[in-house]
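Reader: Could you take me through this model with a few questions and answers?

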Amino acid sequence: MSVLGTVSSLPLEPQGAQILSQDGNAMVLSMGPQHPSTHGVLQIMLEIEGESVTKAEPEIGYLHTGIEKSAENLFWTQAQTVIERMDYLAPESNSLCYALAVERLLGITDRIPPRAQQIRVIIAELTRIASHCVWLGTHGIDLGALSIFFYCFDLRENILDVQEAAGGARMHPNYVRIGGLQADLPDGHVERLDALVKKFPGRMRELRALLQKNPIWQDRTIDVGTVTSEQAVQWGLTGPALRASGIAYDVRKAFPYSGYENYEFGVPTRTEGDAYARFVVRLDEMEEAMRIVEQARAALEPGPVMIDDVKVAPPPKETIALSMEALIHHFKVVSEGIRVPPGDVYQAIESPRGELGYYVVSDGNNKPYRVRTRPPSMYNLQALKGIAPGNLIADLVVMIGSLDPVFGEVDR
Amino acid sequence: MEVGPGQFFLAKLDDVARWAQSSSVWPLTMGLACCAIEMMSVTAPEYDIARLGSEVFRASPRQADLMIVSGRVAQKMGPIVKRLYDQMADPKWVISMGACASSGGIFDNYAIIQGVDTIIPVDVYVPGCPPTPDGLLHAVNLIQKQIREGGRGGILARA
Amino acid sequence: MPSPQMPPIAGSAVDPPALRPAIQDATIERVAPQNVRARLEALKADGYAMLLDLGAVDYPQRVPRFDVVYHLLKLMPGAATVSQVDTPQRYRLLCGVAFEHPRVPSVVDLWRNADWAEREVFDLFGITFEGHPDLRRIQMPTHWEGHPLRKDYPLRGPARERSPRPQFANKSNLVAGTPPSGRTAEALAQQVRLRQAEDGRSEERVPE
């Protein structure tokens, strides 16, 4: 078995394609995996008649990383590093969901300090806005609207500055930990956050002004990729795609976590189910997310950010030089890892793509036994098989963009 | 360069060619995973790679001269990366961006190719997971330096 | 560094789902493979309209070895407000699948999104879904051998040493990837021999 595979095993040949052609214009075309508009490494085996698609079979696996297998061989806290790299547009979502799942298995969900929960909510919602910025920028580029890419990424840079100050890195900061957070917010952070909150409405107005009433944008997205609510449930869509088809299912409202029940926010829903509806739902979600950030910011109370339990988290660094027990516990937690009692749990959160769930199985050891991800992007992308036929190739690009897949999550 | 009588600049043709090549390095969009997002940030206004000459990112390998392998290379994707590299026209350069492309990164397992340099030759490695956009800009600067000062640039360049 | 050699520090539970603490995350039920299809049809008729996820877990010390886990969600479709959706409910159906007959009926006709999920379980665990229209590998390349997420599949893959770095001609149009040769082929042969010696039976094949 070769490490790389040979040319003959390239999945570029159509697998079992059946071409029925009336006028000889039928063709099988492989769109991707190198393509500017597929949002990552996706290959779609298209059967087309002229310019319109008769069958679209997405081929995934071009970014399969074996994250779930790697996680089984790392300590619980180390596994979080690989798990965070699944949905790389919203890394803190992955961390949050995993931390919540493990905390449930440990039985410490009620003991997470309130300040940690509030900061987790702020981070999660800022991540949602940042992720939607990338979505909007790349979706715009696919359709030819190049300017919005720059506006969106500028807003994203502002958000990443705030995230970097808190977590230490722009992407994959590993800031949310099992038991709380890695460290408290630095001095001056709240002022930085306030400045961002103040700047945001102006930015949102600009983003809306660029596209929402733009006749070309509306022509290209209205009535394209329509998903009825029955189809959405059949395909297992969640997140903005489901809410744009009329079903107001949001995990933050249905199964609240991390204190979301204390905040007031709306769940934008539309009934048309086309790409334009998904676009508007995500824009509205960005504004709702900022509302939540403002409320969480106002609710911030002083206190610890990590649970005070040496079986879960190492003691604070300051105590190590003063206390022998603290030193011993720190050593044990770092060198041996923490132990999680045996059991299984399914924990879901509302990631920017939909319901991100982890089915975590522990056998009582210091390493996860199994971390099965419920990847929202994979199920969202699968719907492409159902909605693509009958549309133009250009519409296919609109549909992929509006479903917003992230391939780190689809392929894991 | 010297100014001769009658106000002509004299310079070696090779120097001019290298200057031209280093000033307009067009990358190929080989955005695979998280590093691709930082690569997109590099094209955004805050870090702006266009001021270094990379005005456009080309999706077609025939039209690009720099391949920035940004992200983890999975088993299925390896042959594709190799094929794209072969399709690029000479002279071409490769930046291996991030830990995963340079060495497999944190994914030391069955699914990830442990370093894209096992399948294509790399000119500059950028460490980081993901590297900040500054790191990628520095890498492009190093490529430009390589082109200007030695290695595979100039009018007699071969890959 | 991830390493299968990092030793477990506590006794490992053989059947974690049976020992789970009282966490209210879903209604949980265990069912045998011959009844799973009927049970899922009944649940769908009962209003569990969305299949959230279909995954598998490998418990090699336990009989039956695999668990196929179905996560279902009860939603009322067409609801336009959160109050009409009325506290969705989760259901988790666990199906123990034996190693000797890794076969489960497919549910693609009940929920269309089971398609890729079943392919992934087939690819990574080797469990066959009877009735699936197109059961082939999805994450790994087509000619990959082995099912990576099984516990006896090595983390780094059976044939990998520190990746060989080939001598490289600069204008190469070599076919990407070389068949294992030299030390790699020897390492692969060694692993296969060791596993055969351990199991004491002839070459292990994935039961078809």
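The turns below deal with a helix pair, a covered helix and one chain as a whole.

Reader: How are helix H3 and helix H4 of chain A oriented to each other?
Author: In this predicted model, the axes of H3(A), residues 91-106, and H4(A), residues 114-142, come within 8 Å and cross at roughly 140°. Angles over 145 degrees would count as roughly antiparallel, and the crossing of H3(A) with H4(A) is left-handed. The two helices, H3(A) and H4(A), are therefore oblique to each other.

Reader: Which residues of H4(A) are met by H3(A), and how does the contact divide by residue character?
Author: From H3(A), the residues A:Glu92, A:Ser93 and A:Leu96 take part, and they meet A:Arg120, A:Ile123, A:Ala124 and A:Thr127 in H4(A). The residues of this contact divide into 3 nonpolar, 2 polar and 2 charged.

Reader: Which residue follows helix H16 of chain A, and is H16(A) mostly covered or mostly open?
Author: Of the 11 residues in H16(A), which spans residues 393-403, 9 are buried, and the helix is mostly covered. Among the buried residues are A:Asp395, A:Met399 and A:Leu403. Next after H16(A), with a positive phi near 55°, comes A:Asp404.

Reader: In what order do the elements of chain C run from the N terminus on?
Author: Chain C holds 4 helices and 6 strands, and buried residues make up 36% of its 208 residues. Among contacts in chain C between residues at least 6 apart in sequence, 57% join residues at least 24 apart. Read from the N terminus, the order of the elements in chain C is β-α-β-β-α-β-β-α-β-α.

Note on methods:
Residues numbered from 1 in each chain as written. Chains lettered and ligands numbered in written order. Predicted model: local features only at pLDDT ≥ 70, side-chain atom pairs only at ≥ 80, totals over all residues. Axes fitted to C-alpha atoms, helices over the stretch in contact; angles between N-to-C directions. Parallel < 35°, antiparallel > 145°, perpendicular 65-115°, else oblique. Left-handed = near helix turned anticlockwise from the far one by under 90°. Contact = placed C-beta atoms within 7 Å. Nonpolar A, V, L, I, M, F, W, Y, C, P; charged D, E, K, R; others polar. Buried ≥ 20, exposed ≤ 12 C-beta atoms within 10 Å, placed from the backbone.
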